[in-house]
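Biologist: I would like to learn how to read single features in a structure like this one. Could we take them one at a time?

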Amino acid sequence: MDYLQLNGKKLVENLLYWQQLAKKNSACLNVVTKFCISEIQYIDLLVKNGVTTISDSNMQNFAALPHSVREKLQCCVIKTRLSDIEQYAQSSTLPEKHPVRFYLSDEECLKKIRKIPENSRPKIVLIMECGDYKDGLYQSDIKRLVEEYSDLPIIGVSANFACLSGKMPDIQSLRMLSETAMFIQQVKKLAVPFVSVGGTVMHDMLVSGEIAACKDVFVSEIRCGEGIFFGYNSSKGAPVNGLNRDVFSFAAEIIEVQEKIIPEQKNDGLNALGAHSASRPSGARRCAVLDFGVLGAPQVEIFPKDADILIIGQTFDFTVIDITDSKIRYNTGDFVSFSVNYASASFLCMNRFITKTVE
């Protein structure tokens, strides 16, 4: 069976970097674990290394955490649906499984939360539209909702940058968030204002000290996943300097090795994925079939650690590689190792036929 292996030492090194960076900016770190569906092995490692807050897109993943781990965490839902709120209300007798914080951006969600008994309501963070045009309320709407729903535990605002449109964070956007958070603090009579920003896209601003230098700008919470687990910043299309890029590795089992005579001509029909097959080296080629396909991870999202391997193509269940030029003599039953990114690791974590391990 194939397996996805996490290197605990390398993850902790990346985590420590982000914890220190958040602290330098007087902020807390919220580790986004949605890509790995809050896998207990990974969450347990995070908790043992000082993580107190995590975020997932699916509330059900928190319910799967054992109480011994769950009681040490603040769990946040960063893509809150009406159905999530309904489920939350129905499980009010199990507070240890509750998320403590909902991030939301629609008034209908507030109406639904209003139906939950006051002493059982989660804290609410309103998402602000800051130019990425994915999700979020405009500042004027947030101010209106805070006053109209003053009975709800609205604690602050958040923003997502470079998710859909590539909008990068800037001081003007952070200034608007800070101003709105202070408005909420005043209306709700809170001890402190709260601004949450995500994600790895914030890295350069945090490193530069630009935020601390502006008296009217502050950040309370940094939400980060990719930078911690993969040492990569997709918004820049580049690694984060000094961080481990190989926290995860994926190993797939070979189920067939054959030498095949590959013709030069291309077949006319479409393949199992409904597309024309890509060109491949012709002649006598040594080929191997791996026991995963696009349902495990698409080939564009995985990278053979053996540089002499060529990925030929995939079906839903299989991946074919050309091993002719490899210096390694691969045999049936051997494993082929791949580096993975955020997207491919997400695919693999969602697949129950992939074994997850921590070393």
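Modeller: We can begin with a residue that is shut away from the surface, keeping in mind that this is a predicted model. S344 has a relative accessible area of 0%, and because buried means under 20% relative accessible area, S344 counts as buried.

Biologist: Where is S344 placed, and which residues does S344 touch, leaving out those up to four places away in sequence?

Modeller: S344 belongs to helix α12, which runs over residues 342-350. Leaving out residues up to four places away in sequence, S344 touches G296, A297, E301 and I302. With E301 there is a polar pair, since a polar atom of the S344 side chain lies 2.7 Å from the backbone oxygen of E301.

Biologist: Which residues of helix α6 are buried, and why do they lie on the same side of α6?

Modeller: The general idea is that an α-helix has 3.6 residues a turn, so residues three or four places apart point the same way. In α6, residues 107-114, the buried residues include C109, L110 and I113. They cover an arc of only 100° around the axis, and therefore sit on the same side of α6. Among the elements that cover the buried residues of α6 are α5 (82-90), β5 (101-104), β6 (123-127) and α7 (139-148). At the start of this helix, a side-chain oxygen of D106 comes to within 2.9 Å of the backbone nitrogen of E108.

Biologist: Which residues form a nonpolar patch on the surface?

Modeller: L273, L295 and F316 form such a patch, and together they have about 280 Å² of accessible area. F316, in the loop between β15 (310-314) and β16 (319-322), is partly exposed, with a relative accessible area of 41%.

Methods. Residues numbered from 1 in each chain as written. Predicted model: local features only at pLDDT ≥ 70, side-chain atom pairs only at ≥ 80, totals over all residues. Heavy atoms only, no water. Patch = residues over 30% accessible without salt bridge, like charges linked within 9 Å, V, L, I, M, F, W, Y side chains within 5 Å. Areas by Shrake-Rupley, 256 points an atom, 1.4 Å probe, with all protein chains shown as cover. Salt bridge = Lys/Arg side-chain N within 4 Å of Asp/Glu carboxyl O. Helix = DSSP H or I, 4+ residues; strand = E, 2+ residues; numbered from the N terminus. Buried < 20%, exposed > 50% of the residue type's maximum accessible area, 1.4 Å probe, protein only. Arc of directions from axis to C-beta. Contact = heavy atoms within 4.5 Å. Polar contact = N/O pair within 3.5 Å; in protein donor to acceptor, adjacent residues only side chain to side chain.
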